[in-house]
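Hi,

Here is the structure I promised to send over. Have a look at it first, and then read my notes below.

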Amino acid sequence: MKKISRRKFIKLILLAVAAVLAGTLVIFDFNKIVVQMLKKDLAHLKINPDSFEKFVKEADDKRHWAGKFFDWKKKQFVRFGFIVDSLLPSFPYKYKYVQYRSDIVGDFLLSTDFFMNRMDSNKTINYIGLYNPYARPCSNPFSNLYYPET
Amino acid sequence: MSDGYDLIVVGTGFASSFFLKHYLEHSSSGKKVLVLERGKFHPYVDRLALKKGKKQLQITKAGKTYTTDFGKIWVFDPNFGGSSNCWTGCTPRFLPNDFKLKTLYGVGQDWPISYDDLDPYYDQVEKIMSISGPDHTPFPRRSSYPLPAHQLSTVDRLLQEKYGDLYISQPTARASRAVGERGACCSSSVCDLCPVNAKFTIENGLGYLYSDPRVTIKYNAQVIGMDSVQGIVKSVTYVEEGTTRTAKGETIVLGANAIFNAHILLNSGDSNPHTGTGICEQVGVFVRMYYKDLDNLGGSSIISANGYMMYDGDHRKDHAACLIESFNTPFIRNEAGKWRKLSIFKFIYEDLPQKDNKVALSDNELSPDIIFNGPSEYVNKGIARLKQDVNNYFGFLPIEKLEIDNYSQKTEFHICSTTKMGQSRENSVIDENMIHHEYRNVVVVGSSAYPSITPANPTLTLSALSLRAAEKYLS
């Protein structure tokens with residue numbers, strides 16, 4: 001059997017990783033990534049199972065991400081980050097990826113009754129509609145309206 | 001005047017409207033005023049319907065009005081009410097020392113007026129806008145704010161305990177109580193268009209001026225230049241719905257923003273070498289602080305507090321002053337049970353106007369070109385020591401993790417300094433009363449007049465300057 005050089009071996013590994021990444025990116029679009037992300041990050045909460053799909057559908061229909069400055073580049077970064085994050089302990093701009101991920105999870109939770117129930121993790125969480133301050137003004141759950149003179 | 005106007009006002013934003021307010025209140029009923037607004041009037045109800053997805057509107061954006069190859073964006077609303085349609089409503093005053101940067105710290109340029117000169121006009125604007133604010137501030141005030149302060153968050157309170165009057169509830173035009181046509185701010189955190197109309201805008205605060213029988217307002221009318229004879233402007237030229245027209249006027253008030261005030265003057269053949277130079281705005285950097293055991297709760301409004309710990313002092317001899325904003329948007333920390341053990345602060349640095357950054361004429365007389373090579377080294381030196389400053393001023397909090405953005409925001413929405421005010425044409429374009437050094441019947445209002453920009457939000461100051469300019473002009 002022909003022995004391959006160390007350099008060639010590393011090249012092949014990198015190509016394989018790139019192929020896996022590219023393949024995964026093709027298979028998982030942004031919405032699928034968002035659903036996976038939510039299921040993973042909120043696994044400790046009891047969430048009505050159809051909530052995730054309802055959220056991504058309504059967000060898509062109402063161009064929610066565009067309104068949140070989640071342009072194409074940012075979406076690709078989140079997709080890339082989600083996949084790489086499960087493979088590598090760190091990568092460039094990981095902190096930004098984590099911030100965007102928090103924004104996505106936060107938007108989902110704001111679209112449920114989680115905060116209305118005072119973040120009670122024993123209650124089942126239900127989707128109530130995409131968070132939109134114009135449809136539901138005054139609903140910042142951390143504001144003085146909900147914590148007067150904390 | 002028989003075939004012209006006593007006053008021609010360019011624009012309908014803060015600067016123009018506050019000038020017009022004083023002018024109308026102190027002028028006879030026979031006066032004729034022409035207002036030329038480049039954009040359209042999109043009423044609040046229509047803008048709200050657009051946000052709710054119940055109406056379609058084509059609103060012209062700032063980026064369509066100028067050209068640049070330099071990457072930096074400049075944001076404003078080129079429509080009736082100007083940037084009152086998109087501002088957040090932050091209204092800190094400048095500090096007394098901001099007016100004498102050169103004298104005290106050896107950098108930048110002094111203003112030709114002092115804080116005391118502006119103080120009574122600050123008071124007036126704060127009443128007109130019904131500002132909510134605290135009893136104690138880092139800048140001197142003669143009276144209380146018209147409305148009570150917004151509530152500090154739990155984290156803000158710790159910072160106020162530590163820093164006293166250097167950490168305050170942010171003075172703001174986001175009403176803490178319902179007032180007039182405005183609702184009470186309830187922290188919806190989308191201030192460009194407030195869902196409950198709590199924020200002061202030209203429409204809800206000064207819109208009545210434009211119904212005054214002395215006033216004729218034309219929309220879609222972009223002023224492109226002025227014609228003068230021996231230092232006196234006789235008429236303005238504007239393009240209305242594609243047709244070029246002229247209007248004669250005794251007095252001209254340029255109240256466009258810092259890009260277009262300069263552009264109009266350059267198009268008019270203004271030979272002052274300072275006209276158009278110095279375009280700049282502040283530079284903002286976000287910092288996230290994750291806490292071990294501290295919830296950030298209970299703040300009211302989108303920005304609950306301002307920190308002045310890094311603002312004024314001898315450090316300004318070396319690097320830029322910085323104003324801190326404590327954000328209160330509904331952000332979360334994506335960790336079970338730690339949902340709000342997090343603060344987001346923005347650190348906003350003043351820049352020094354530089355002559356190589358400028359508004360210039362382009363091939364298109366409607367659209368200026370903006371040359372911007374970046375902020376000054378003064379800013380960069382300030383940002384370079386941000387981590388050190390954060391540790392110094394916030395280190396007493398139970399911080400578990402700190403994230404400092406390694407880039408600045410694309411814009412702070414505050415375009416300044418292209419027609420600076422000063423004592424003479426040697427260092428400025430307009431005088432201490434905002435009258436052009438050469439065109440003595442042209443008043444140039446707005447933040448284009450700022451010789452130095454400070455880290456504080458400019459709107460309150462430019463509105464106060466307009467009231468003062470109108471009073472000086474009429475007297």
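What follows is a walk through the two chains, then some spots worth opening in the viewer. Please keep in mind that this is a predicted model.

**Chain A overall**

Chain A is built from 6 helices and 0 strands, so to speak an α-α-α-α-α-α pattern when you read along the sequence. Its radius of gyration comes out at 19 Å, well over the 15 Å that the globule rule gives for 150 residues, so chain A is more spread out than a compact globule. The C-alpha trace spans about 70 × 30 × 30 Å along the principal axes. Of the 150 residues in chain A, 27% are buried. If you take the contacts in chain A between residues at least 6 apart in sequence, 59% of them join residues at least 24 apart.

**Helix H2 of chain A**

Go to residues 30-41 of chain A, which make up helix H2. This helix has 12 residues and reaches 16 Å from its first C-alpha to its last, close to the 16 Å expected at 1.5 Å a residue. Which residues of H2(A) are buried? They are A:Phe30, A:Ile33, A:Val34, A:Met37 and A:Leu38. These cover an arc of only 130° around the axis, which puts them on the same side of H2(A). The spacing fits a general rule: an α-helix has 3.6 residues a turn, so residues three or four places apart point the same way. On the other side of H2(A) you will find A:Lys39 and A:Lys40, both exposed.

And what do the buried residues of H2(A) pack against? Their partners are three helices of chain A: H3 (51-61), H5 (72-85) and H6 (94-110).

**Where the chains touch**

The contact takes 23 residues from chain A and 25 residues from chain B. On the chain A side, H6(A) gives the most, with 7 residues. Sorted by type, the residues of chain A that touch chain B divide into 14 nonpolar, 7 polar and 2 charged.

**Chain B overall**

Chain B has 10 helices and 16 strands. A compact globule of 475 residues would have a radius of gyration near 23 Å, and chain B has 22 Å, which agrees. Its C-alpha atoms fill a box of roughly 70 × 50 × 45 Å, taken along the principal axes. Buried residues account for 53% of the 475 residues in chain B. Among contacts in chain B between residues at least 6 apart in sequence, 72% join residues at least 24 apart.

**Two hairpins in a row**

Next, try strands E6 (residues 221-229) and E7 (residues 232-240) of chain B, which pair in the antiparallel sense over 8 bridges. To get your bearings, look for B:Met226, which stands opposite B:Val236 in E7(B). The hairpin of E6(B) and E7(B) has 2 residues between the strands, and B:Gln230 takes a positive phi near 50° there.

E7(B) is also joined to strand E8 (residues 243-254) of chain B, by 6 bridges, and these two run antiparallel. Here B:Ser235 has B:Lys248 in E8(B) as its bridge partner. E7(B) and E8(B) form a hairpin as well, with 2 residues between them, and B:Glu241 in the turn has a positive phi of about 50°.

**A three-stranded sheet**

Chain B also has an open sheet of 3 strands in the order E3-E14-E13, with mixed pairing. Strands E3 (67-68) and E13 (358-360) stand at the edges, each with a single partner strand, so one side of each is left without a neighbour in the sheet. E3(B) pairs with E14 (residues 369-371) in the parallel sense over 2 bridges, and B:Thr68 stands opposite B:Ile370 in E14(B).

**One residue to click on**

Last stop: B:Ile202, in helix H6 (residues 202-206) of chain B. Is B:Ile202 buried or exposed? B:Ile202 counts as buried because it has 21 C-beta neighbours inside 10 Å, and the cut-off for that is 20 or more. Leaving aside its neighbours within four places in sequence, B:Ile202 is in contact with several residues, including B:Thr12, B:Phe14, B:Ser17, B:Gly81 and B:Ser84. The C-alpha atoms of B:Ile202 and B:Leu467 are separated by 15 Å, with their places 265 residues apart along the chain.

Cheers

Notes
Residues numbered from 1 in each chain as written. Chains lettered and ligands numbered in written order. Predicted model: local features only at pLDDT ≥ 70, side-chain atom pairs only at ≥ 80, totals over all residues. Helix = DSSP H or I, 4+ residues; strand = E, 2+ residues; numbered from the N terminus. Expected span 1.5 Å × (residues − 1). Buried ≥ 20, exposed ≤ 12 C-beta atoms within 10 Å, placed from the backbone. Arc of directions from axis to C-beta. Contact = placed C-beta atoms within 7 Å. Nonpolar A, V, L, I, M, F, W, Y, C, P; charged D, E, K, R; others polar. Pairing = 2+ DSSP bridges. Rg over C-alpha atoms; globule rule 2.2 N^0.38 Å.
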